[in-house]
Amino acid sequence: MTKRIGLFGGSFDPVHQAHLALGRQALAELQLDELRWVPVGHAWQKARQLTPAAQREAMLRLAIDGEPRFVLERCELERPGPSYTLETVRELQARQPGRQWFLVIGQDQFAGLHTWVGFEQLLSLVTLAVAQRPDARLDADARVLAAPHVDLALPPMAVSATDIRQRVADGRDISALVPPAVAHYIHQQGLYRGTAGS
Ligand code: ATP
């Protein structure tokens with residue numbers, strides 16, 4: 001049987017419970033052999049400065065520990081220059097030919113996917129799996145909508161990393177929003193205490 005691999009990219013600054021719920025749903029619904037979590041190296045579409053990669057990676061490791069089908073994929077951290085998903089997919093597919101590849105994204109990313117570098121080539125290499133997200137635009141570019149995609153059956157969850165950073169900056173509780181080990185790490189490292197940004 002062809003192995004089925006999901007890719008789930010993000011800034012994960014920090015990784016949170018909606019990411020994990022989405023990851024578990026993708027594993028189950030797409031019958032994945034593994035889901036690769038791909039922390040972005042150089043986020044060309046985010047205006048703010050991200051938390052250093054080593055800390056984002058550490059939080060991700062804590063969060064995905066215990067689910068053997070969740071795998072950390074470091075290729076964007078190692079590759080210089082902006083992290084284009086197309087390049088990531090090409091690199092991983094060259095390394096492991098003959099698999100079936102899914103790209104797991106939230107609705108906000110789906111709505112903006114036509115702005116990604118080489119999106120049409122990207123769409124020819126992967127099947128999109130899309131999760132609803134509260135407040136995200138429900139439409140997308142016609143060329144994106146024309147590509148085969150799976151709508152993941154996950155109820156919308158109002159969790160965002162932006163809100164979590166703001167909560168920490170305000171001294172509010174985040175224990176329901178991230179796994180306990182991640183909350184501990186954030187506090188121990190003193191992350192997000194300054195202005196949160198978006
Ligand atoms: P930020 O608030 O900093 O922009 P974020 O919460 O959107 O961060 P990212 O790391 O940028 O998190 O997201 C990684 C992926 O997870 C993206 O495809 C995004 O659409 C998806 N995602 C994040 N939060 C949710 C959510 N609550 N529901 C559905 N998808 C989500």
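How far does a polar side-chain atom of His 16 lie from an oxygen atom of the ligand? In this model, which I should say at the outset is a predicted one, the separation for His 16 is 2.9 Å. A polar side-chain atom of Asp 108 also lies 2.6 Å from an oxygen atom of the ligand, while for Met 157 the atom concerned belongs to the backbone, an N or O, and lies 2.8 Å from a nitrogen atom of the ligand. On its own the ligand has 610 Å² of accessible area, and the protein covers 94% of that.

Let me turn to the surroundings of the ligand. The space that the ligand takes up is the largest pocket, and the elements that contribute two or more residues to the shell are β1 (4-10), α1 (17-29), β4 (100-106), α5 (107-111) and α8 (161-170). In total, 22 residues surround the ligand, and the closest of them are Lys 46, Asp 108, Arg 133, Ala 161 and Thr 162. If we sort the residues of this shell by character, eight are nonpolar, 10 are polar and four are charged.

Next, the loop between β1 and α1, where both Phe 12 and Pro 14 are found. Most residues other than glycine have a negative phi, and most peptide bonds are trans. Against that background, Phe 12, although not a glycine, has a positive phi of about 50°, and the peptide bond that joins Asp 13 and Pro 14 is cis, with omega at about 5°.

Finally, the charged pairs. How many salt bridges does a search of the whole structure find? The search returns 15 salt bridges, and I will pick out the one in which the side chains of Arg 36 and Glu 73 meet, at 3.7 Å from N to O. This pair links distant parts of the chain, since Arg 36 belongs to strand β2 (residues 34-39) and Glu 73 to the loop between β3 (70-72) and α3 (75-78), with the two residues 37 apart.

Technical notes. Residues are numbered from 1 along each chain as its sequence is written. This is a predicted model: local features need pLDDT of at least 70, side-chain atom pairs count only at pLDDT 80 or more; totals for chains, interfaces and linings use all residues. Side-chain values use heavy atoms; hydrogens and water are left out. A residue is near a molecule or strand if one of its heavy atoms lies within 4 Å of it. A polar contact is a pair of N or O atoms within 3.5 Å; within protein, one must be able to donate a hydrogen and the other to accept it, and residues adjacent in sequence count only if both atoms are side-chain atoms. Accessible areas come from the Shrake-Rupley method with a 1.4 Å probe; for residues, only the protein chains shown count as cover. On a 1 Å grid over the protein atoms alone, a cavity is a set of points where a 1.4 Å probe fits but cannot get out, and a pocket is an open set with protein on both sides within 12 Å along at least five of seven lines; lining residues have an atom within 4 Å of a point. A molecule sits in a cavity or pocket if more than half of its atoms lie within 2 Å of its grid points. Helices (H or I, at least four residues) and strands (E, at least two) are DSSP runs, numbered from the N terminus. Ala, Val, Leu, Ile, Met, Phe, Trp, Tyr, Cys and Pro count as nonpolar, Asp, Glu, Lys and Arg as charged, and the others, Gly among them, as polar. A salt bridge is a side-chain nitrogen of Lys or Arg within 4 Å of a carboxyl oxygen of Asp or Glu.
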